[in-house]
Structure formats: structure tokens, C-alpha cells
Amino acid sequence: MKKINMKKLIILLISVCFGYTVKAQQLPQMAQYMINNYAVNPAIAGMEDHYQVKTTIRNMWGGIEGAPQTTILSIYGKKSENMGLGGIVYSDKAGATSRIGGNISYTHHFALSSNIKMSMGLSGGFLQYRLAKNELTVLDPDDPFFQGGDVVRSIPDATFGLNAYAKNWYVGLSIPQLIGNNLDLLDGNFYANWDKESDGKLLRHYYILGAYKHVLNPFWSIEPSLLMKSVSTSNQFDIGVKATWDDKLWFGTGYRTSGEISALAGYSIQDRYIIGYSYDMHSDLGASHEFVLGIRFIPLKQEEILQEE
């Protein structure tokens, strides 16, 4: 019978725990996905006639040490009649693990009918995954495995997206972590000795995102939305509804099948600057806070040009 030393036992526990967590959702959550929808699907770029910059800042489960913290910065828009361009940088930290990355995207648009268009988008870039050893709680801190610097892996990343849209609705499919790289956090000797394959794989996710804007009258509109997320055997649904007054003030609510309920509100200034906030409550884990800031680079209207003159 093989003798199990402390180092291999600890590594085995890390591997088992990591292998379990990757079977669920690996990518960060967003309550205001209908606002920063390009962060979900690169095929969104070019759907509107202007460029825009949006930032999402999310702090989950306030009061819990090591709870996830996410920052996303995206810029995207219409380059020409049939072309959309975009880019995104992000940072996501949870406990001793973190990832930072960036992608740029190209989207091609074409007409399905006189009222409906289709777009196909592909984004590519890199991500860096980091495991901070000094933030781990271990049985034997003097073990050589936990000495030295952090474990860092840099790998390519890609997302593919499709999107069909018309004046008041859109629905699309995106596949983040398209390449499905393996992080290989543990050394090869471990897998050889224990006859075990690495399970630190970035699994492909499948997202379906859609929304429909229904105009009630000249001042009010209502927009239901749905984000379905699927990975391996895990499925999750985000269902939301947003009411907007005079294209300026909006508020709404959402429900996630993982047990979170959210309330959101926001305001648009001169149809160019937006600020949004959402409050999520989880019955077991506590509250999460999310802010969205945005700028739309919309050409000046004629009356605005006259006012400036």
C-alpha cells in the first residue's frame, strides 16, 4: 500500500475541491446583464448605431470574507453597416483565486428580412488565472508546496456569439470559454502517481440572452428579459423585468434560480450617460451590490447643435 505524505494529501484535497467547483458556473454573475449585454454576447456589438462604454462593478455577499468581486469594462459599437467592433477587460476575484483578462471582438451583420437582422461575433484574447498561496488556510504552512510565489497560468480565451434582432427585441446564443483550456494548476508528478487526470478545466458555457421592449404609451415602456446559463449538468435562469419612464428613469426586479432576488434602478442623463444600481439578496449568503456606469457616443441632435451655436 502506498504511503500518503502530507503534501500529496493536501494536493489531493485541493484537486477534489477544485474538480467539484468547476462542474458548476465558473463565470461571474451579473444582475444588470440587460444593461451591459455585450459582456454576455460579443454579437451584440453593432446592434445599435453608436459606440458605448460600460463598466460593471459587483461585490457579492457583503460581510463574507473572500466573497467574489468583479469589475468589467466594455466598449463596443457599430463600425459600418455590416460590421461591429468591441473589446472588454475584466477582473474577477474570489477567495484565494483571481482572474484578469481581455478580449477584442469582430461582429458581422446581415439581413434576414426587411425587419430582422442577424449577427455573428467572435472575440479572442487572453486570461491570467492566479492562485494566491498566502491566502490559503492549510494544515501545514511549512510544507514546501505552499512556499514560494503564487501559482499563475496565462492562456488564450475566446467567445463565439449569434444574435437575431429587430427594432424592439433581440435573442442570441453565446459560448464563453470556447477553447476549453486546462489550467494545470498541479504538477505532472501528482497525476502520474495518482493515476488521475487534471480536472481544472475551463468548461464551455452556453448562454441564451433575450429581451423584448414593449412600449405602453409615449412615456412608459416595459422590458422583460431572460438569461439562461448552462454548463456541464448545471443550468441556471435569470429572469428580469425593467420598466422605463420617458427613456430616462428605470427600475425593475429579477430572480435567479440559484435563490437570489434582485431590485434594480437607474437613470439616463441626456440619453448619453447612464448610472445603474442593483441590490441582490440571497437567503443564505447575504446581499450583493452592483453598479453600472455608461457613456453612449450618440451624435448631437439638430436642436442641440443650434443651442451650442
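Strands here are DSSP runs of E with at least two residues, helices are runs of H or I with at least four residues, and both are numbered from the N terminus. With that in place, Thr-55 can be put in strand β1, residues 51-59.

Before I go on, some words on the source: this is a predicted model, in which local features need pLDDT of at least 70 and side-chain atom pairs count only at pLDDT 80 or more, while totals for chains, interfaces and linings use all residues. Residues are numbered from 1 along each chain as its sequence is written, and side-chain values use heavy atoms, with hydrogens and water left out.

The chain contains three helices and 15 strands, and 44% of its 309 residues are buried, where buried means under 20% relative accessible area, exposed means over 50%, and partly exposed lies in between, with a 1.4 Å probe and protein chains only.

Back to Thr-55: is this residue buried or exposed? Thr-55 counts as buried because its relative accessibility is 19%. Leaving aside residues up to four places away in sequence, Thr-55 touches Ile-72, Leu-73, Phe-291, Val-292 and Leu-293, a contact being heavy atoms within 4.5 Å.

Now the core. The largest nonpolar core (buried Ala, Val, Leu, Ile, Met, Phe, Trp, Tyr and Cys residues joined through side-chain atoms within 4.5 Å) has 29 residues, and those with the most contacts inside it are Tyr-33, Val-40 and Tyr-170. Two or more residues of this core come from each of β2 (69-80), β3 (83-94), β5 (117-131), β6 (151-165) and β8 (206-212), and β8 gives the most, with three residues. Tyr-33 itself, again without residues up to four places away in sequence, touches several residues, including Val-40, Leu-209 and Asp-238.

Finally, the charged pairs: there are 14 salt bridges, each defined as a side-chain nitrogen of Lys or Arg within 4 Å of a carboxyl oxygen of Asp or Glu. Lys-242 and Glu-223 form one of them, with the closest N and O atoms 3.9 Å apart, and this pair links distant parts of the chain, since Lys-242 is in strand β11 (residues 234-245) and Glu-223 is in strand β10 (residues 220-231), 19 residues apart. Lys-242 counts as buried because its relative accessibility is 10%, and Glu-223 likewise at 16%.

In the salt bridge between Glu-260 and Arg-256, the closest N and O atoms are 2.7 Å apart. Glu-260 is buried, with a relative accessible area of 4%, and Arg-256 is buried at 4%. Through shared partners, salt bridges join Arg-58, Lys-229, Asp-238, Arg-256, Glu-260, Asp-280 and Glu-290 into one network.
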